[in-house]
Amino acid sequence: MMSKTLILFWSLIFGVIFVDGQLSEGDRCNTRTGQSGTCTKISGCVSVQNDIRNRRRDHVVCGYEGFVQVVCCPGGQATTTTTRRPISNRISARKCTEYAEFAYNKIYITNVFGPPTERKVSNCAYTSVPLIVGGTEANVREFPHMALIGFEDGNTIHWDCGGTLISEQFVLSAAHCFDSRDYGPARYVRLGEHDLNRKDDGTVVDLRIIQSIPHPDYRYPIQYNDIGLFKLERRVELNGAIRPACLPEQSAVQTKSAIATGWGTVSWRGRQSNALLKVTLDMFTEAECNRTYSSDINRKLNRGILEESQVCAGSHKEEKDSCQGDSGGPLQIYHDTHHCTYTIVGVTSFGKACGTIGTPGVYTRVYAFLNWIEKIVWPNQ
């Protein structure tokens, strides 16, 4: 139990409000505005998580379970990460719930009169919404699903594409990243990387690709169905630094912006970034995107931008974009329920000159290929 002096201290420092006495998970409570709520572990309250990301810390704290904060969650908004049923019964939704558990470390509290009590403590790397061309450096472990795709040139590996870990043994990427004109087929995947210049990062794992599986309807250089899977030589051990992202449960992107990540160049034909970058991009409508690419209708893009299988993102006002070297990497949004987890809505496919205001990049819409992905990654499940 926290002392009243300590409670007052944290109240003054962070602006949070503690109830007088400690309520337990499931008890009824009132928010600062008087709205009725339920005491819920912070990992299960989306509205409080969003407030914290937006640097608001005026939520009501019911108490603590071990080191886990229990907050007053407004009525009807609480969810429980460990017991949440997927919106659908798809295998990818069930796996999303399973993989989301790796966002926590498990600790054990010693009990004098009984066995130790298990508690979950978040190991999430981000605490606020992050604001590549025009991007900022990501935090370490902020995007634990990020992968680098390597091409071999003698004794040198060139990490020239990106990807997304979506299971213990499969990485999602763009089909055009399967082969390089300079170095031949992709041969390696690197996981757990943040800064390519650092050699002391113990989280990095390099794995051989044993199977490259482009979508069967992809035909280079045509720019449709630009999606594929890499199968790794073995199942990777998941942890806080390496864990899969979730796949979308619906076609529409429900947010007005999304986040692109990668180690690509930081300007058109510029130098490549050594550190993982992140950039928040505006979502563009199909009509906006097609107007941008109306002069590019040719053999490679003969039907224009297709809303059912492609999605566009860029910036209406700033020079922000994904760029060379980001190909195959993810366009992602925060998962609406699972703590510290992203949903991959797009795979970086192609664009014009990087960072041009009002000119979006084009991403393969992942949901359009979900049936195909599930059959390969989780067969017979």
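Is Y293 buried or exposed in this model? Hold that thought for a second. The model I'm showing today is a predicted one, so let's start with how confident the predictor was. The mean pLDDT of the chain is 81, and 76% of the residues reach 70 or more. Residues 79-86 are a weak stretch, with pLDDT below 50, and yet the model gives that stretch 22 contacts beyond near neighbours in sequence. Residues 127-132 also stay under 50, and there the model has 28 contacts beyond four places in sequence. Please keep those two stretches in mind when you look at the picture.

Okay, back to Y293. Buried means under 20% relative accessible area, and Y293 comes out at 2%, so Y293 is buried. Now look at the ring of Y293. It forms an aromatic pair with F350, edge-to-face, with 5.8 Å from centre to centre and 80° between the planes. What does the pair tie together? Well, Y293 is in the loop between α4 and β18, while F350 belongs to strand β20, so the pair links parts that are 57 residues apart in sequence. F350 counts as buried too, because its relative accessibility is 14%.

If you search the whole structure, you find four aromatic pairs. Ring pairs also join F143, Y334 and Y342 into a cluster. And there's another ring to look at: the charged end of R303 sits over the ring of Y224, 4.6 Å from the ring's centre.

Next stop, strand β18. How many of the residues of β18 are buried? Five of the five, so the strand is largely enclosed by the rest of the structure. Both of its faces are covered: Q310, C312 and G314 are buried on one side, and V311 and A313 are buried on the other.

So who are the strand partners of β18? One is β17, residues 277-284, which pairs with β18 in the antiparallel sense over three bridges. There, F284 stands opposite C312. Another partner is β21, residues 361-365, which is antiparallel to β18 over four bridges. In that pairing, V311 of β18 stands opposite Y363.

Let's zoom in on one residue of β18, namely Q310. Its relative accessible area is 4%, so Q310 is buried. The side chain of Q310 reaches the backbone oxygen of Q223 at 3.1 Å. Setting aside neighbours within four places in sequence, the contacts of Q310 include Y224, L301, G304 and I305. F350, from our aromatic pair, is also in contact with Q310, and so is Y363.

Now for the loop between β14 and β15, where some backbone oddities turn up. A bit of background helps here: most residues other than glycine have a negative phi, and most peptide bonds are trans. With that in mind, look at P221, which is in this loop. The peptide bond from Y220 to P221 is cis, with omega near 5°.

N225 is in that loop as well. Its phi is near 55°, a positive value in a residue other than glycine. What does the side chain of N225 reach? The backbone oxygen of D217, at 3.2 Å. Leaving out neighbours within four places in sequence, N225 is in contact with A175, H215, D217, Y218 and F369.

There's another positive phi further along the chain: N380, at about 65°, and N380 isn't a glycine either. You'll find N380 in the segment after α5. Is N380 buried or exposed? N380 is exposed, because its relative accessible area is 84%, and the cut-off for exposed is over 50%.

While we're at α5, let's look at the helix itself. It covers residues 370-377, and its buried residues are L370, W372, I373, E374 and V377. What covers them? The cover includes α3, β11, β14 and β15.

Last one, a quick look at K120, in strand β7. Its relative accessible area is 19%, so K120 counts as buried, with the cut-off at under 20%. K120 and Y104 are 16 residues apart in sequence, and their C-alpha atoms are 5.7 Å apart in space.

So, if you'd like something to find on screen, go for β18, with five of its five residues buried, and then for Y293 and F350, the edge-to-face pair. Thanks, everyone!

Technical notes
Residues are numbered from 1 along each chain as its sequence is written. Side-chain values use heavy atoms; hydrogens and water are left out. Buried means under 20% relative accessible area, exposed over 50%, partly exposed in between (1.4 Å probe, protein chains only). Helices (H or I, at least four residues) and strands (E, at least two) are DSSP runs, numbered from the N terminus. Contact means heavy atoms within 4.5 Å. A polar contact is a pair of N or O atoms within 3.5 Å; within protein, one must be able to donate a hydrogen and the other to accept it, and residues adjacent in sequence count only if both atoms are side-chain atoms. Rings of Phe, Tyr and Trp (its six-membered ring) pair if their centres lie within 6.5 Å; planes under 30 degrees apart count as stacked, over 60 as edge-to-face and the rest as tilted. A charge sits over a ring if NZ of Lys or CZ of Arg is within 6 Å of the ring centre and within 35 degrees of the ring normal. Two strands pair if DSSP finds at least two bridges between them. pLDDT is the predictor's confidence in each residue, from 0 to 100.
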